[in-house]
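Here's a quick tour of what holds this fold together, from charged pairs to the greasy middle. Have a look at the model first, then read on.

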Amino acid sequence: MLAAIGVVSLVAACSAGNGGATGGETAGAGPTAGYPDRNITFVVPFSAGGPTDTVTRMIAEPMAAKLGGQIVVQNVEGAGGTVGAGEVARAEADGYTVLMHHIGMSTAPALYQNLGYKPLEDFEMVGLVTEVPMTIVARKDFAPATLADLVAHVKANADKVTLANAGIGAASHLCGLLFQTAAGVKLQEVPYEGTGPALTDLVGGQVDFMCDQTTNTSGQIAAGEVKAYAVTTPERVKSLPDLPTTTEAGLPQLQVSVWHGLYVPAGTPPDVVQKLSEALKTALADQKVIDQMAKLGTAPVPAESATSQAHRAKLEEQLGTWAKVIADAGVKAS
């Protein structure tokens with residue numbers, strides 16, 4: 001059941017009477033030559049206004065313009081992104097239902113015993129979109145001043161400190177697991193139904209700290225609404241130049257970024273997948289998209305990564321990596 005929480009309808013600039021054909025194609029050239037001839041639905045398996053939703057809406061308009069059609073964005077929340085992913089896995093394999101998912105696609109098989117789909121078998125990969133750094137942030141009046149102070153504080157107060165996340169399997173949950181492993185501590189976790197509510201409570205002082213994507217935290221960091229400790233990538237983020245990396249701050253074991261990619265159901269015609277990949281490349285080269293992502297502390301992937309082959313290779317590698325991390329943490333979702 002696809003519940004539209006936020007809808008973006010984007011009409012491409014195409015000449016009247018071209019029947020939806022693009023790139024000089026003729027409408028009768030093949031069974032998918034007219035693709036798209038109706039709305040394409042981009043399913044975001046997380047809440048409206050969250051990091052994945054934000055990235056999706058950034059690329060939707062230029063992709064629609066390239067495809068010569070319309071894109072509607074729908075938010076299908078639940079179970080760490082698995083509800084929306086499952087909807088797309090079972091959808092018609094015609095290119096009109098597209099999934100935007102993040103790192104959670106590679107962690108779900110290890111987290112969920114009854115997942116209902118297999119990432120490598122039930123989807124065709126369209127291409128990678130971006131890799132978003134994570135930030136460790138706290139309520140602005142939280143006592144620890146540095147990341148080293150934070151680690152010492154949580155070790156001394158493990159039964160009192162609250163670590164927020166957007167639910168099991170969410171990027172914030174995964175980063176939180178890695179933080180606890182790196183710091184050698186087990187904390188009281190507070191799961192929310194999405195990143196937005198978690199960050200709202202953090203700003204309001206209801207929880208102590210969390211780990212979340214720069215696409216969701218950069219504005220609050222810049223406004224001084226939260227206290228920021230570090231970014232979880234090898235290099236500093238241009239939009240947050242004063243924020244040290246976890247390596248600089250003394251916790252080099254905590255290295256993670258949240259990659260996003262586009263998927264369609266397995267069996268989608270190869271030429272449709274190719275059209276979507278080419279539209280994705282066009283969107284990622286759009287200066288407006290580049291500028292928007294830069295403000296949020298991320299950047300589009302290179303063109304060679306916005307392909308089915310590169311995306312599949314990334315997913316295969318990440319499935320193996322996270323299976324071990326999650327098994328070691330002993331975390332399971334129902």
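Let's start with the charges: searching the whole structure turns up nine salt bridges. Keep in mind that this is a predicted model. Three of the pairs are set out here.

| Pair | Closest N to O distance |
|---|---|
| Arg57 and Asp53 | 2.9 Å |
| Arg236 and Glu248 | 2.9 Å |
| Asp328 and Lys324 | 2.8 Å |

Take Arg57 and Asp53 to begin with. They sit four residues apart in helix H1 (residues 51-67), so about one helical turn separates them. Their surroundings are worth a look: Arg57 is partly exposed at 24% relative accessibility, while Asp53 is buried at 4%.

Asp328 and Lys324 have a similar story in helix H10 (residues 308-329), where they are four residues apart and thus about one helical turn from each other. Both Asp328 and Lys324 are exposed.

Then there's Arg236, which forms a salt bridge with Glu248. Both residues belong to the loop between E8 and E9, twelve residues apart. Arg236 is partly exposed, with a relative accessible area of 40%, and Glu248 is partly exposed too, at 49%. Elsewhere, Arg139, Asp141 and Asp208 are joined in a network of salt bridges.

Staying with the loop between strand E8 (226-231) and strand E9 (257-265), we also find Thr233 there. Thr233 is buried, at 12% relative accessible area. A polar atom of its side chain lies 3.1 Å from the backbone oxygen of Glu235. Leaving out residues up to four places away in sequence, Thr233 touches Pro133, Thr245, Gln255, Val256 and Ser257.

On to the sulfurs. The structure has one disulfide, made by Cys175 and Cys211, with their sulfur atoms 1.8 Å apart. The link is right-handed, with 50° about the S-S bond. Cys175 lies in helix H5 (residues 171-183) and Cys211 in strand E7 (residues 209-213), so the pair ties together parts that are 36 residues apart in sequence. Cys175 is buried, with a relative accessible area of 1%, and Cys211 is buried as well, at 2%.

Finally, the greasy part. The largest nonpolar core has 86 residues, and those with the most contacts inside it are Ile59, Met63, Phe179, Phe209 and Leu262. Not counting residues up to four places away in sequence, Met63 touches Phe42, Ile71, Leu262, Leu276, Ala279, Leu280 and Ala283. A second, separate core has 14 residues, including Val137, Tyr192, Leu199 and Met210.

Conventions. Residues numbered from 1 in each chain as written. Predicted model: local features only at pLDDT ≥ 70, side-chain atom pairs only at ≥ 80, totals over all residues. Heavy atoms only, no water. Core = buried A, V, L, I, M, F, W, Y, C linked by side-chain atoms within 4.5 Å. Buried < 20%, exposed > 50% of the residue type's maximum accessible area, 1.4 Å probe, protein only. Contact = heavy atoms within 4.5 Å. Disulfide = S-S within 2.5 Å. Helix = DSSP H or I, 4+ residues; strand = E, 2+ residues; numbered from the N terminus. Polar contact = N/O pair within 3.5 Å; in protein donor to acceptor, adjacent residues only side chain to side chain. Salt bridge = Lys/Arg side-chain N within 4 Å of Asp/Glu carboxyl O.
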